[in-house]
Amino acid sequence: MKTIGIFYGSATGTTADVARRIARYMGVGEEDIHDVSKVGPSKLGDYAKLVLGSSTWGSGEVEDDWYSFLDGAQSLDLRGRKIAIFGCGDETMSDTFCNAIGIIYDRLKGTGADFVGEYPADVYTFDHSAASHDGTMRGLALDEVNHPEYTEGRIRDWAEIVRTA
């Protein structure tokens with residue numbers, strides 16, 4: 001079993017770029033970075049630690065390629081695996097900021113995996129997010145639209161948290 005696999009859905013390329021930046025900090029090679037539109041959910045079973053990423057679209061939904069992937073993934077037995085989630089969003093969409101993180105969490109919490117990589121919620125400005133829980137985000141939320149200046153530091157810090165979890 002490989003150590004870390006990164007899986008992302010990206011319509012515009014932003015989440016794909018972030019996935020590769022996270023991979024650099026975690027020491028993950030290109031062969032272990034997967035676009036969910038090109039692999040099946042069973043590929044998750046190849047890894048001990050899963051890093052999953054999606055942008056938030058429309059009225060607070062995951063990127064389109066995630067729907068069928070999550071349908072298959074939620075029926076997997078992922079006990080013994082760790083899942084970390086990241087998402088790209090826009091803080092001006094303050095009622096749905098990075099909802100995709102929360103949606104992925106909700107869809108996969110029944111798989112038996114352990115979730116790692118929570119991030120403080122107080123560094124963001126939003127009214128509501130499905131990713132927010134008890135003062136933390138269920139993963140790393142990034143706003144490349146309004147706050148790209150924070151992205152690199154947040155990726156670096158979060159990658160270390162996830163890598164050592």
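A charge is said to sit over a ring if NZ of Lys or CZ of Arg is within 6 Å of the ring centre and within 35 degrees of the ring normal. In this structure, the charged end of arginine 138 does just that with the ring of tyrosine 105, 3.9 Å from its centre.

A word on where the values come from. This is a predicted model, in which local features need pLDDT of at least 70, side-chain atom pairs count only at pLDDT 80 or more, and totals for chains, interfaces and linings use all residues. Residues are numbered from 1 along each chain as its sequence is written, and side-chain values use heavy atoms, with hydrogens and water left out.

**Rings that pair up**

Rings of Phe, Tyr and Trp (its six-membered ring) pair if their centres lie within 6.5 Å; planes under 30 degrees apart count as stacked, over 60 as edge-to-face and the rest as tilted. Going by that rule, the model has eight aromatic pairs. Here are two of them.

| Pair | Centre to centre | Angle between planes | Type |
|---|---|---|---|
| Phenylalanine 7 and phenylalanine 69 | 6.1 Å | 40 degrees | tilted |
| Tyrosine 119 and tyrosine 124 | 6.3 Å | 50 degrees | tilted |

What does the pair of phenylalanine 7 and phenylalanine 69 tie together? Phenylalanine 7 lies in strand S1 (residues 2-9) and phenylalanine 69 in helix H2 (residues 66-73), so the pair links parts that are 62 residues apart in sequence. Those labels follow a simple scheme: helices (H or I, at least four residues) and strands (E, at least two) are DSSP runs, numbered from the N terminus.

Are these rings buried or exposed? Buried means under 20% relative accessible area, exposed over 50%, and partly exposed in between (1.4 Å probe, protein chains only). Phenylalanine 7 is buried at 0%, and phenylalanine 69 is buried at 3%. Tyrosine 119 and tyrosine 124 are both buried too. Phe7 and Phe69 also belong to one aromatic cluster with Tyr47 and Trp66.

**Strand S1 and its partners**

Six of the eight residues of S1 are buried, so this strand is largely enclosed by the rest of the structure. Two strands pair if DSSP finds at least two bridges between them. S1 runs parallel to S3, and seven bridges join them; here phenylalanine 7 stands opposite leucine 52. S1 also pairs in the parallel sense with strand S2 (residues 33-35), over three bridges. In that pairing, tyrosine 8 of S1 faces aspartate 35 in S2. As a rule, side chains in a regular strand alternate between the two faces of the sheet.

**The nonpolar core**

A nonpolar core is a set of buried Ala, Val, Leu, Ile, Met, Phe, Trp, Tyr and Cys residues joined through side-chain atoms within 4.5 Å. The largest one has 51 residues, and Ile6, Val51 and Phe86 touch the most other members. At least two residues each come from S1, helix H1 (14-26), S3, H2, S5, H3, S10 and helix H4 (151-163). H1 gives the largest share, six residues.

Take valine 51 as an example. Contact means heavy atoms within 4.5 Å. If you leave aside neighbours within four places in sequence, the contacts of valine 51 include Ile4, Ile6, Phe7, Phe86 and Trp158.

**Helix H3**

Helix H3 (residues 99-108) is mostly covered, with seven of its 10 residues buried. Among them are Ala100, Ile104, Tyr105 and Leu108. The buried residues of H3 pack against several elements, including strand S3 (47-57), H2, strand S5 (82-88) and strand S10 (140-142).

**Cysteines and odd backbone angles**

How many disulfides does the whole structure hold? The search finds zero, where a disulfide is a pair of cysteine sulfur atoms within 2.5 Å. Why is cysteine 88 not bonded to cysteine 98? The closest cysteine sulfur to that of cysteine 88 is in cysteine 98, but because it is 6.9 Å away, it is too far for a bond. Both are tucked away: cysteine 88 is buried at 6% relative accessibility, and cysteine 98 is buried at 1%.

Cysteine 98 has another quirk: its phi is near 50 degrees, a positive value in a residue other than glycine. Cysteine 98 sits in the loop between S5 and H3. Aspartate 134, which is not a glycine either, has a positive phi of about 50 degrees. Aspartate 134 is found in the loop between strand S8 (132-133) and strand S9 (136-137), and it is exposed, with a relative accessible area of 70%.
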